[in-house]
Amino acid sequence: MNSQDKPKQFLELYGKPIIIHTIELFDKHPEIDGIVISCVAEWIGYLKEILTRFHIKKVRNIVPGGETGQLSIFNGLEAAEKHFPADSVVLIHDGVRPLINEKTITDNIQQVNKCRSAITTAPTVETFVVVDDNLSVVEIPKRSSSKLAKAPQSFILSDILEVHRQAQKDNIFSSIDSCTLMNLYNKPLTLIEGPVENIKITTPTDFYIFRAIFEARENKQIAGI
């Protein structure tokens, strides 16, 4: 997305950066005790400014991101370890995924308390095709047994840190997401279903979809529906 070198999480909709739209959901949730943010190092100062401007209260720490998404998450988890007990529930979320809701956060926390993991998913509405390196089809999974893994992806803090540390010992540094890493080490994973509109804003089209959904929600509130 052409953002003139501004990280996409700092692009604004109605005067508010995307990352603030996202963080507010956690800041306002009664069961969230604290927030740790992994941020592009050069933008940490700006992030601190906007957290103050928008009255975000629960951020405990901001740490520089890593060279990969996996390492950025690890940096955040290590910072969380300094502030919270090992048996805490930790929700790992993308700063550019602002279309979840209070129920999604609550469902993650409750599921981790029951099962030690919760992967937010959405139903698949199209057919997946698994291919090999030559783009030959090797499998077409049943749509009824497929889900889209999204975020938050939530765990007991000590569990996810153990896996991250083992991955680095095994020279794994660029796992696509936390549930993939947990699955690699045969850790049990359970799911919750989140809102269909829970998109990650990575392209101009995603931004326009976010704007349309945001405006629809605002109009619904105004109309009192």
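Me: A salt bridge is a side-chain nitrogen of Lys or Arg within 4 Å of a carboxyl oxygen of Asp or Glu. With that in mind, which residues are linked in a network of salt bridges?

Reply: In this predicted model, the network joins Glu-78, Glu-81 and Arg-165. Arg-165 takes part in two pairs: one with Glu-78, at 3.4 Å from N to O, and one with Glu-81, where the closest N and O atoms are 2.7 Å apart.

Me: How do you know that the side chains of Arg-165 and Glu-78 meet in a salt bridge?

Reply: The N to O distance is 3.4 Å, and the cut-off is 4 Å, so the pair qualifies. The two residues come from distant parts of the chain, with Arg-165 in helix 5 and Glu-78 in helix 3 (residues 69–83), 87 residues apart.

Me: What makes Glu-81 and Arg-165 a pair that ties together separate parts?

Reply: Their closest N and O atoms lie 2.7 Å apart, and the limit is 4 Å, so the two residues form a salt bridge. Glu-81 belongs to helix 3 and Arg-165 to helix 5, so the link spans 84 residues in sequence.

Me: Are the residues of this network buried, partly exposed or exposed, and how do you know?

Reply: The partly exposed class runs from 20% to 50% relative accessible area. Arg-165 has 31% and is therefore partly exposed. Glu-78, also at 31%, counts as partly exposed, and Glu-81 falls in that class at 39%.

Me: How many salt bridges does the rule give?

Reply: The count comes to eight salt bridges. Another one joins the side chains of Arg-97 and Asp-94, at 2.9 Å from N to O.

Me: Why is Arg-97 called buried?

Reply: Its relative accessible area is 8%, and buried means under 20%, so the word applies. Its partner Asp-94 has a relative accessibility of 22% and therefore counts as partly exposed.

Me: What makes strand 9 largely enclosed?

Reply: Strand 9 (residues 147–156) has seven buried residues out of 10, so the rest of the structure largely encloses it. This strand pairs in the antiparallel sense with strand 5 (residues 89–92) over four bridges, among them the one between Val-89 and Ile-156. Strand 9 also runs antiparallel to strand 6 (residues 117–123), to which six bridges join it; one of these partnerships is that of Pro-123 with Lys-147.

Me: How do you know that strand 5 and strand 9 pair?

Reply: Pairing requires at least two bridges, and there are four here, so the two strands pair.

Me: Why do strand 5 and strand 10 stand at the edges?

Reply: The strands form an open sheet of four, in the order 5-9-6-10, with mixed pairing. Strand 5 and strand 10 (191–193) each have a single partner strand, so one side of each has no neighbour in the sheet. On average, neighbouring strands of the sheet are turned by 30° against each other, direction ignored. Helix 5 (residues 157–169) lies across strand 5 and strand 9, running at about 110° to strand 9.

Me: What makes helix 1 mostly covered?

Reply: Helix 1 (residues 18–27) has nine buried residues among its 10. Among them are Ile-18, His-21, Phe-26 and Asp-27.

Me: How do you know that Cys-115 is in no disulfide?

Reply: A disulfide is a covalent bond between the sulfur atoms of two cysteines. By the rule applied here, the count comes to zero disulfides. For Cys-115, the nearest cysteine sulfur is that of Cys-179, 16 Å away; the cut-off is 2.5 Å, so Cys-115 is in no disulfide.

Me: Are Cys-39 and Cys-115 buried or exposed, or in between?

Reply: Cys-39 has a relative accessibility of 2%, which is under 20%, so Cys-39 counts as buried. Cys-115 has a relative accessible area of 32% and is therefore partly exposed.

Me: Why is Ile-209 called partly exposed?

Reply: Ile-209, found in helix 7 (residues 204–223), has a relative accessible area of 37%, which lies between 20% and 50%, so the term fits. Its C-alpha atom is separated by 24 Å from that of Arg-143, a residue 66 residues apart from Ile-209 along the chain.

Note on methods. Residues numbered from 1 in each chain as written. Predicted model: local features only at pLDDT ≥ 70, side-chain atom pairs only at ≥ 80, totals over all residues. Heavy atoms only, no water. Buried < 20%, exposed > 50% of the residue type's maximum accessible area, 1.4 Å probe, protein only. Axes fitted to C-alpha atoms, helices over the stretch in contact; angles between N-to-C directions. Contact = heavy atoms within 4.5 Å.
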